[in-house]
Amino acid sequence: MAVVLMCRRLPRLSRVPAFSTTAKHKAERGSSKKEKEKRDKPGAAKTRTESRATIQLLKPQDYRVLYNPAAYARGRAGSQQHVDRDSSQALGDTFTGPGTVGAPQAFPTASSQALSPVRNALPEPSTPLEQIILAKEEAEKEKWEVHNSKEDPRVFQKGRPEYRSLSCDSAEPAQTLPAEEGDSILQSVAGCEGSPGTLTDYFLKLSRLPAERRAALPSDPRFSALCHRAVTAIGLFSTPDLIQLLKACVPLAVPASHPLLSACEAEFCRRAWDMGLEQLLLVADCWRCLERSVPSYLGILFSYANLHWRDLTLPQFVQLLYIVGEGRRAPADLAQKVESTILKHLDAFTLEELGAICLGLFKSLSGISDHVMRRIADRVSLQMEDMSTYALVNVLKMLRYTRMDHLPLMRELGKVIPARIPATNIQGIMHITLTYSSLHFFDEDVLAAVATSLPSKVSYCRSKDAAKFLWSFGCLDYEPPNEEFYSSLIKQLHAKLHEFHKFPEHLLTALLGLAFVKRFPEELIDFALKEEFVQKTRGSKYELNKDLFTLGKSVEIECPTYRGSQLPPQLCQEFTEMVSSFAEREIYIRPEIVEATSLLESMLGGPEFVKNHMILPHTRSCDLEVRLAPDGHPIPFNFKDPVAAKKLKDMGVSLTDDLMSQLLQGRAHSQSPPEVGNEARIPGQERGDAAGTPHLGGALPAGATSQAEPAPGRWQPREVRLALQVSNRNHFCYGSRRLLGLHCLKRRQLRLLGYTVVEIPFWEWFPLLKRTRSEKLSYLHYKVFCPALLTRAG
């Protein structure tokens with residue numbers, strides 16, 4: 001195998017300058033003694049050794065990276081039980097994850113030959129021996145990444161002898177026949193009619209030929225004649241002979257569309273109700289091994305199982321769920337029976353069987369109650385060290401799908417999984433990482449282990465894998481200790497650019513994850529915002545409009561030097577109306593937001609002093625906007641609100657900028673200290689002096705009209721604009737005060753636009769909702785009129 005050095009120019013990458021102390025804090029945190037101690041833990045130390053650069057090995061031109069969730073290695077030696085092989089709650093108010101419909105997806109693997117995989121290069125080995133050693137290391141690494149999607153999910157079948165009668169063993173036959181005997185069989189086909197038993201025997205013997213001889217059979221006309229004989233006599237076969245015939249087709253690799261298989265399927269559908277459950281499951285397993293879609297047969301199998309549910313043994317139940325998953329369909333009438341059976345046998349399942357059950361439910365998009373998922377997670381959390389990584393990842397898929405916040409399992413996972421990451425294949429690592437981001441669970445040891453191991457594996461990433469890694473790290477707002485993590489994934493996005501025409505959702509997923517952490521690869525963004533690509537997203541089966549909107553507007557705000565493609569204004573307007581309509585139905589009416597809005601209106605003097613809206617519609621969460629003069633007086637501005645507009649129209653005063661300035665300056669020196677009570681007053685919110693001077697929040701003389709709202713985009717001199725964030729738990733990582741990536745992006749962009757962001761965090765505000773009105777007003781008064789805000793603004 002030739003050894004070559006790969007060198008590529010880094011794609012152009014925009015990095016947003018740091019604001020306030022956020023980036024500085026992250027840098028200090030990354031170099032702190034505490035972080036160093038964390039990285040020096042045994043698990044982390046092991047992962048760091050994996051980050052060394054490696055030699056790029058030239059792959060064959062037609063090399064394809066296969067779907068590979070099952071080369072997940074055991075991270076713990078000494079266990080004889082296991083083999084070494086092994087799609088968010090909203091990210092805000094409406095953010096369920098880019099390109100998702102709330103369910104896991106499976107996509108065909110695309111060729112990786114368009115661009116060579118990118119690796120960090122070491123100096124060329126000086127001796128042939130070093131080259132051989134490196135080539136062997138690379139081959140060993142590649143072995144971990146290669147996966148048989150038919151065989152690896154079937155590892156659970158090796159745990160009990162009962163599975164031998166329920167499944168088709170597609171491994172090489174124990175005793176192969178010489179190739180000459182195959183020729184003898186094929187020669188005899190032309191000379192005799194042959195009974196069904198004889199035909200079955202022919203197929204069984206041919207299935208034991210050497211692999212290279214079996215591969216040549218489909219093009220042999222004598223084999224075609226044998227198949228034709230079998231089709232003609234299909235109704236005469238006994239059921240056991242017909243099953244043996246079908247089993248023989250597996251090692252013979254008969255194409256899924258072959259007429260012989262069509263005849264077998266029709267015959268098995270006709271006989272199904274006269275067969276036993278064991279036979280039905282075995283035939284279904286054969287269809288899976290042959291990769292033939294048989295929805296009619298599976299429908300009969302599920303109906304039969306539903307009628308004979310009480311007769312199912314534990315292995316039959318697990319095998320049935322495996323078939324359900326591989327068929328990607330789950331009968332609705334079996335759901336309740338499945339749950340009760342899981343609970344019945346929960347302690348008797350092997351750990352591999354638990355993984356197979358979860359994978360079957362996940363692949364078939366089957367719902368499962370929180371109670372049952374919690375019971376499964378309870379057991380896994382107690383025995384995780386004895387579980388293969390492949391089975392564990394399958395449990396994590398279902399945990400992610402059910403949005404289960406199982407703290408004991410996640411804590412135990414944080415102890416077990418970092419040391420396994422280097423020996424886990426890329427798709428296994430992706431599913432582990434995606435579990436953490438989907439559940440909003442931040443564990444720095446796990447993320448650091450992933451970041452350290454990934455650059456050397458990045459060439460095995462499909463476009464989907466690269467996108468999910470970037471999304472997960474961005475969602476959790478994690479800056480890894482090695483910059484190679486992001487740079488290698490961005491290179492891989494360039495290498496997979498041809499795949500995004502077919503899977504546009506993956507590119508948007510990746511670019512949003514990068515945007516969360518202030519990375520904007522301009523060439524990729526230009527590609528994503530071109531009219532051609534935008535049209536592909538519009539025609540996708542996924543809801544991608546919001547993701548496109550978030551990306552496009554974020555680039556406008558954070559990349560002033562960007563000169564590439566942008567979203568058309570009319571499209572942005574359409575997206576804004578779509579998001580605003582949703583917000584009016586779902587967000588603005590939330591009790592915690594309604595209460596805060598009402599109290600602020602009462603405190604500031606009316607609805608014209610506060611506006612509940614989305615300052616940045618592309619961030620999909622609302623803000624309570626308040627405007628203050630430098631001396632602390634609130635400024636009315638919300639005259640588009642129907643209530644506020646009507647109130648000011650009835651007041652009859654032309655509320656100009658000059659009048660506002662006079663009112664604010666006139667009260668600045670005669671004002672009493674603000675007091676907070678049942679109706680908390682603010683500076684300038686008195687009842688009026690003896691001369692009847694109108695004040696903010698009080699009655700204005702008759703005949704006044706409203707003209708105070710400045711032109712869009714114009715700021716009053718030294719005006720302080722507050723964006724109050726009434727947050728909820730979904731804005732933060734699980735059990736912490738760490739903001740998720742989308743909300744970091746939102747606050748960053750608000751500050752860039754000149755807003756002062758004021759947090760009203762849920763851990764302070766939600767308890768106050770049960771307290772007195774006076775206490776709530778006092779809290780909001782402090783938030784709005786905190787002297788530090790005006791000091792910073794001045």
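Why is strand β6 largely enclosed by the rest of the structure? I shall begin with that question and then widen the view. Please keep in mind throughout that this is a predicted model.

The answer lies in a count of residues: six of the six residues of β6 are buried, so the strand is largely enclosed by the rest of the structure. In a regular strand the side chains alternate between the two faces of the sheet. In β6, which covers residues 623-628, Asp623, Glu625 and Arg627 lie on one side, Leu624, Val626 and Leu628 lie on the other, and all of them are buried. Both faces of this strand are therefore covered, given that buried means under 20% relative accessible area.

Let me now place β6 among its neighbours. The strand belongs to an open sheet of four strands, ordered β5-β6-β7-β8, in which the pairing is mixed. At the edges stand β5, residues 611-613, and β8, each of which pairs on one side only. On average, neighbouring strands of this sheet are turned by 30 degrees against each other, direction ignored.

Strands of a sheet pair through backbone hydrogen bonds, either parallel or antiparallel. Both kinds of pairing can be followed here as we cross the sheet. β5 and β6 run antiparallel and are joined by three bridges; Lys611 has Glu625 in β6 as its bridge partner. The pairing of β6 with β7 is also in the antiparallel sense, over five bridges, and here Leu624 stands opposite Leu724 in β7. Between β7, residues 720-726, and β8 there are again five bridges, but these two strands run parallel. Leu724 appears once more in this pairing, with Val758 as its bridge partner in β8. To pass from β7 to β8, the chain goes through helix α31, residues 741-752, and this β-α-β crossover is right-handed. As for β8 itself, residues 756-760, four of its five residues are buried.

Which helices lie against these strands? One of them is α33, residues 773-784, which packs on the sheet and touches β6, β7 and β8. The direction of α33 makes about 155 degrees with that of β8.

A further helix to consider is α28. Its buried residues are Glu592, Ile593, Ala596, Thr597, Leu599, Leu600, Met603 and Leu604. What covers them includes the strands β5, β6 and β7, together with helices α32 and α33. The length of α28 can be checked: at 1.5 Å a residue, its 14 residues, 591-604, should span 20 Å, and the end C-alpha atoms are indeed 20 Å apart. After the helix comes Gly605, with a positive phi near 120 degrees.

I turn now to other helices of the chain. Helix α17, residues 389-401, passes the same kind of check: its 13 residues should span 18 Å at 1.5 Å a residue, and its end C-alpha atoms are 18 Å apart. Is α17 mostly covered or mostly uncovered? The helix is mostly covered, with 13 of its 13 residues buried. Arg403, which follows α17, has a positive phi near 55 degrees.

Two packed helices are described by the angle between their axes and the distance between the axes. For α19, residues 426-438, and α20, residues 444-453, the axes come within 11 Å and cross at roughly 145 degrees. The crossing is left-handed. On the α19 side the contact is made by Ile429, Ile432, Thr433 and Tyr436, and on the α20 side by Val446, Leu447 and Val450.

Val446 also has a place in another pair. Lys415 and Val446 are 31 residues apart in sequence, yet their C-alpha atoms are 8.6 Å apart in space. Lys415 is found in helix α18, residues 407-416, and this lysine is exposed, because its relative accessible area is 66%, where exposed means over 50%.

Finally, I would mention Leu334, in the loop between α13 and α14. Is Leu334 buried or exposed? Leu334 is buried, with a relative accessible area of 4%. Leaving aside residues up to four places away in sequence, Leu334 touches Phe302, Asn306 and Trp309. With Asn306, the separation is 28 residues in sequence and 6.6 Å in space, C-alpha to C-alpha.

To close, I return to the opening strand: β6 pairs with β7 over five bridges and with β5 over three, and both of its faces are covered.

Key:
Residues numbered from 1 in each chain as written. Predicted model: local features only at pLDDT ≥ 70, side-chain atom pairs only at ≥ 80, totals over all residues. Heavy atoms only, no water. Expected span 1.5 Å × (residues − 1). Buried < 20%, exposed > 50% of the residue type's maximum accessible area, 1.4 Å probe, protein only. Pairing = 2+ DSSP bridges. Right-handed = clockwise from strand over helix to strand, strands pointing away. Axes fitted to C-alpha atoms, helices over the stretch in contact; angles between N-to-C directions. Left-handed = near helix turned anticlockwise from the far one by under 90°. Contact = heavy atoms within 4.5 Å.
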